[in-house]
Amino acid sequence: MAIMAPSFTSLVFTVRRCEPELVSPAKPTPNEFKQLSDLDDRDSLRFQIPIIQFYKYNPSMQGRDTVKIIREALSKTLVFYYPFAGRLREGPGAKLMVECTGEGVMFIEADADVSLDQFGHAIHPPFPCIDELLYDVPGSGEMLNCPLLLIQVTRLRCGGFIFALRLNHLMSDAPSIVQFMNAMGEMARGVCAPSIPPVWQRELLNARNPPQVTCTHHEFDELVKPQSLIINSLHELACCSFFFGSTEVCAIRKRIPHHLGKYSTFEVLTAFMWRCRTIALSPDPEDQVRLIFMNNVRAILNPPLPRGYYGNAYAISLAVTTARELCENPLEYALELVRKAKANVNDEYIRSFIDLVVSKGRPRTTIVQSFVVSNTARVGFRDVDCGWGKAIYGGVANIFESPSTSATSFYIEAMNSKGEDGIMVPMCLPTLAMERFVQELNNILQDQSDGGPMSKFIISSM
């Protein structure tokens, strides 16, 4: 099977940037300290999330300056989301809080000598010149005492533009930053206040006093990486992205007995990828293998979080089994593990998880022997509209930034070269394991029309 690289891998262009500036709230905002929640304040969230949106030219916006409109909308939005204009500080006991200083977020105006169509028919990561489209201003990317958001708007030669954003993950998760971006889009379209008022109330996700760990949490187990999975060099890694549209998902569903009932696309795809990945890695049959995925808890909590909450609001679901059990049993075995892992996350489990995080001193999640998944495909990045319509692509900007077999696989809303909507799944594996992985997928994803291999589901490689 041929691995298809994106059509723009050789695309080179020049980006001319203005000096970075700070955009502050359009009106005076409270000068105060706001504590993060115990679910926010975790060592595993101390990193930046890069987001990128591609927008095509809209004739109805002819003569209107993209950068000016978005800069002004950002300033107005920060009146409502004023903590984003502040800086993170560390308080007693290393507890993190936002000092609402009103200093503002980092903003970069730019122009590129490239047109949107040069990026190809199906725009998806990895992107060329990403470091130019989302410039890392020196000294701006630390977790503490730095801007919490960095935004770059790059005009394109065709009249379209690229909106890129870098978020300090300690502040918010994906649904929260989409809420903020939608508010900014509303402001850009002339609305006076966001349709969803922002809610801070981070105390809703603090540990109980005293903490009460009532559930089992394997997320923090101390594990040693098996010798069979240790890779000598990053050069031995292959990183590819796979596209799953309705045809591919239906092909997987046909392998599930009808009497088992309905499973969501996420459950089907995750069980399938976990099993195929494990078969490809060929670990010792008795080795423990794990699946980790993020669960949005907003509606799971009792009572649910208020609409408009814009902090981190997810818990970890985890499934554990042996390589033998996962690989030798049919797909429905993995499916049931995924479903049970989701069902385990109820209000008490979430409270117990937060209590454990605090009582153990904010430990990092153990990702050894794990397939780690973050589903951003249904978060709504592409729906963000600043007046130019919905994005052609919206979502994670860099999927292979730190290549590793334990790197998170982000499920991304994407479109293939035929214009079909679907989900893109990036994967990093040792080179030989990737060959086995592709073969395993090919054995299952047979073309329903002629029985031939579906060679077009691999859409990019590195």
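This short talk goes from the overall build of the protein to one residue, Glu-109. Please keep in mind throughout that what we are looking at is a predicted model.

Let me begin with the protein as a whole, which contains nine helices and 17 strands. Its C-alpha atoms fill a box of roughly 60 × 60 × 45 Å, taken along the principal axes. For a chain of 462 residues, a compact globule would have a radius of gyration near 23 Å, and because the protein has 22 Å, the two values agree. Of the 462 residues, 55% are buried, and among the contacts with a separation of 6 or more, 82% are between residues 24 or more positions apart.

Turning to the surface, the protein exposes about 19,600 Å², of which carbon and sulfur atoms supply 51%. As for charge, there are 44 positive and 49 negative side chains, and the centres of these two sets lie 4 Å apart.

Now to the single residue I wanted to show you, Glu-109, which sits in strand E7, a strand that covers residues 105-112. Is Glu-109 buried or exposed? Its relative accessible area is 18%, and because buried means under 20%, Glu-109 counts as buried.

What, then, is around Glu-109? If we leave aside the neighbours within four places in sequence, Glu-109 is in contact with Arg-16, Arg-17, Cys-18, Val-67, Arg-71, Val-153 and Arg-155. With Arg-155 there is also a polar contact, in which the side chains of Glu-109 and Arg-155 are joined at 2.7 Å.

Definitions and conventions
Residues are numbered from 1 along each chain as its sequence is written. This is a predicted model: local features need pLDDT of at least 70, side-chain atom pairs count only at pLDDT 80 or more; totals for chains, interfaces and linings use all residues. Side-chain values use heavy atoms; hydrogens and water are left out. Helices (H or I, at least four residues) and strands (E, at least two) are DSSP runs, numbered from the N terminus. Buried means under 20% relative accessible area, exposed over 50%, partly exposed in between (1.4 Å probe, protein chains only). A polar contact is a pair of N or O atoms within 3.5 Å; within protein, one must be able to donate a hydrogen and the other to accept it, and residues adjacent in sequence count only if both atoms are side-chain atoms. Contact means heavy atoms within 4.5 Å. The radius of gyration is taken over C-alpha atoms; the globule rule is 2.2 Å times the number of residues to the power 0.38. Accessible areas come from the Shrake-Rupley method with a 1.4 Å probe; for residues, only the protein chains shown count as cover. Lys and Arg count as positive and Asp and Glu as negative; His and the chain ends are not counted. The place of a charge is taken as NZ of Lys, CZ of Arg, CG of Asp or CD of Glu.
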